[in-house]
Amino acid sequence: MAALVLAASTAAMAAVRVGISMPTQSLQRWNQDGANMKERFEAIGYEVDLQFANNNVALQVSQIENMILNGADVLVISAIDGASLGTVLEIAKDEGIPVIAYDRLIMETDAVSYYATFDNYMVGTIQGKYLVEALDLDNRTDPVNIEITAGSPDDNNARYFYQGAMDQLMPYIEAGKVVVPSGQIAFEQVATLEWSSERAQARMDNLIAANYAGGLKLHAVLCSNDSTALGVTNSLIGAGFTKEEFPLITGQDCDIANTKNIIAGYQAMSVFKDTRTLAEQVVKMVQAIVNGEEPEVNDTETYFNGVFVVPTYLCEPVFADINNYEELLIESGYYTREQLGL
Ligand code: GAL
């Protein structure tokens, strides 16, 4: 740390250099995350080395190695596979370079300094509660049929999303009020590698053919995020589901394609995690570190990464649906009406 504070004092001469490693550009939000941070760091005179790793772990490792070689003073990383960065981060640690885990926790290393994200368990809770209310599970007498699509097994967030939602739905499954006709309930059975829309679509095609071809009603699909929700939606449309018989579909990230589907009546909701809020929090965290101060954290208990509990700042997620998307996504400046085809 002294090295960095020293660097900071001499940084008055040379700008503080921040290496930002994002997982991919093929999932919309990471482009926004990267751009939001770059803009805010440059606004305070920091240099930014922003890289996207195309969901390729080896590429992410070599990009981080280069960031270290090119003189990064701080690293901000959203890991593709949380448990794959131990070796390269040992180098960062030896060089006294603080590492902030961005949105996704970095696992199995003590070379990470802080974690900043949205409350991941709360994300799932919001999705589960939304279905409990929208399906009126407490008052109805007839059972409903749902299917479940979770996130990528190498992403530490995916299990928090899944658990948050299942803790809301499981009591109804146990009471026989909610049925999963495919029988696929365990995380391993419903996970979607790389959060891929194509994989989610292919799995849904199989579930429909095996369980719903005879006309069984599907009331809802719990989808952990928008890229998987998009795959599921395309599968249902491809199978001939009309808008009237469309199941309630959940999501996360309020991607443009999915927000359009909410407006069109194909997707019920999406958890909104304002990437500007997280970027601002991380910029504040880095500034504190550079100035030799303790960054603000609000959770020092939850996020054990296999080695230690990483001090964390949790931002609060909310949800968007047909009733509030204009206020949440347009009036807030997150999207323009043109971007949403309005
Ligand atoms: C998660 C992230 C979600 C979603 C997903 C796919 O880690 O928290 O917001 O974007 O990755 O990118």
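The exercises below work through parts of one predicted model, each with a solution in steps.

This is a predicted model, in which local features need pLDDT of at least 70 and side-chain atom pairs count only at pLDDT 80 or more, while totals for chains, interfaces and linings use all residues. Residues are numbered from 1 along each chain as its sequence is written, and side-chain values use heavy atoms, with hydrogens and water left out.

**Exercise 1. The six-stranded sheet**

Work out the strand order of the open sheet of six strands, and find which strands form its edges.

Step 1. Helices (H or I, at least four residues) and strands (E, at least two) are DSSP runs numbered from the N terminus, and two strands pair if DSSP finds at least two bridges between them.

Step 2. The order of the six strands is E2-E1-E3-E4-E5-E11, and their pairing is parallel. Strand E2 (47–52) and E11 are the edge strands, each of which pairs on one side only. On average, neighbouring strands of this sheet are turned by 15° against each other, direction ignored.

Step 3. Within the sheet, strand E1 (residues 17–22) pairs with strand E3 (residues 74–77) in the parallel sense over four bridges, and Val18 stands opposite Val74 in E3. Strand E5 (residues 114–118) likewise pairs with E11 in the parallel sense over four bridges, where Phe118 stands opposite Cys315.

**Exercise 2. The two faces of E11**

Determine which residues of strand E11 point one way and which point the other way.

Step 1. In a regular strand the side chains alternate between the two faces of the sheet.

Step 2. In E11 (residues 312–315), Thr312 and Leu314 point one way, whereas Tyr313 and Cys315 point the other way.

Step 3. All of these residues are buried, where buried means under 20% relative accessible area, exposed means over 50%, and partly exposed lies in between (1.4 Å probe, protein chains only).

**Exercise 3. Two packed helices**

Describe how helix H3 and helix H4 pack, and name the residues that meet.

Step 1. Two packed helices are described by the angle between their axes and the distance between the axes. The axes are lines fitted to C-alpha atoms, for helices over the stretch in contact, and angles run from 0 to 180 degrees between N-to-C directions.

Step 2. Helix H3 (residues 57–69) and helix H4 (residues 86–94) pack at an angle of about 10°, and their axes are 9 Å apart. H3 and H4 are therefore roughly parallel to each other, given that angles under 35 degrees count as roughly parallel, over 145 as roughly antiparallel, 65 to 115 as roughly perpendicular and the rest as oblique.

Step 3. From H3, Val61, Ile64, Glu65 and Ile68 meet Val88, Leu89, Ile91 and Ala92 in H4. Sorted by class, this contact has seven nonpolar, no polar and one charged residues.

Step 4. H3 also lies across E1, E2 and E3, and runs at about 180° to E1.

**Exercise 4. A glycine inside a helix**

Decide whether Gly128 is buried or exposed, and list its contacts beyond its neighbours in sequence.

Step 1. Gly128 lies in helix H5, a helix (residues 120–134) that lies across strand E8 (220–223) and E9 and runs at about 170° to E8.

Step 2. Gly128 has a relative accessible area of 0%, so it is buried.

Step 3. Contact means heavy atoms within 4.5 Å. Leaving aside neighbours within four places in sequence, Gly128 is in contact with Ala165, Gln168 and Leu169. Gly128 and Gln168 are 40 residues apart in sequence, yet their C-alpha atoms are 5.2 Å apart in space.

**Exercise 5. Two residues with positive phi**

Compare the surroundings of Glu194 and Trp195, and state which is buried and which is partly exposed.

Step 1. Most residues other than glycine have a negative phi.

Step 2. Glu194 is not a glycine, although its phi is positive at about 60°; Trp195, also not a glycine, has a positive phi of about 55°.

Step 3. Glu194 lies in the loop between helix H7 (187–190) and helix H8 (197–211), and Trp195 lies in the loop between H7 and H8.

Step 4. Glu194 counts as partly exposed because its relative accessibility is 33%, whereas Trp195, at 6%, counts as buried.

Terms used
Nonpolar A, V, L, I, M, F, W, Y, C, P; charged D, E, K, R; others polar.
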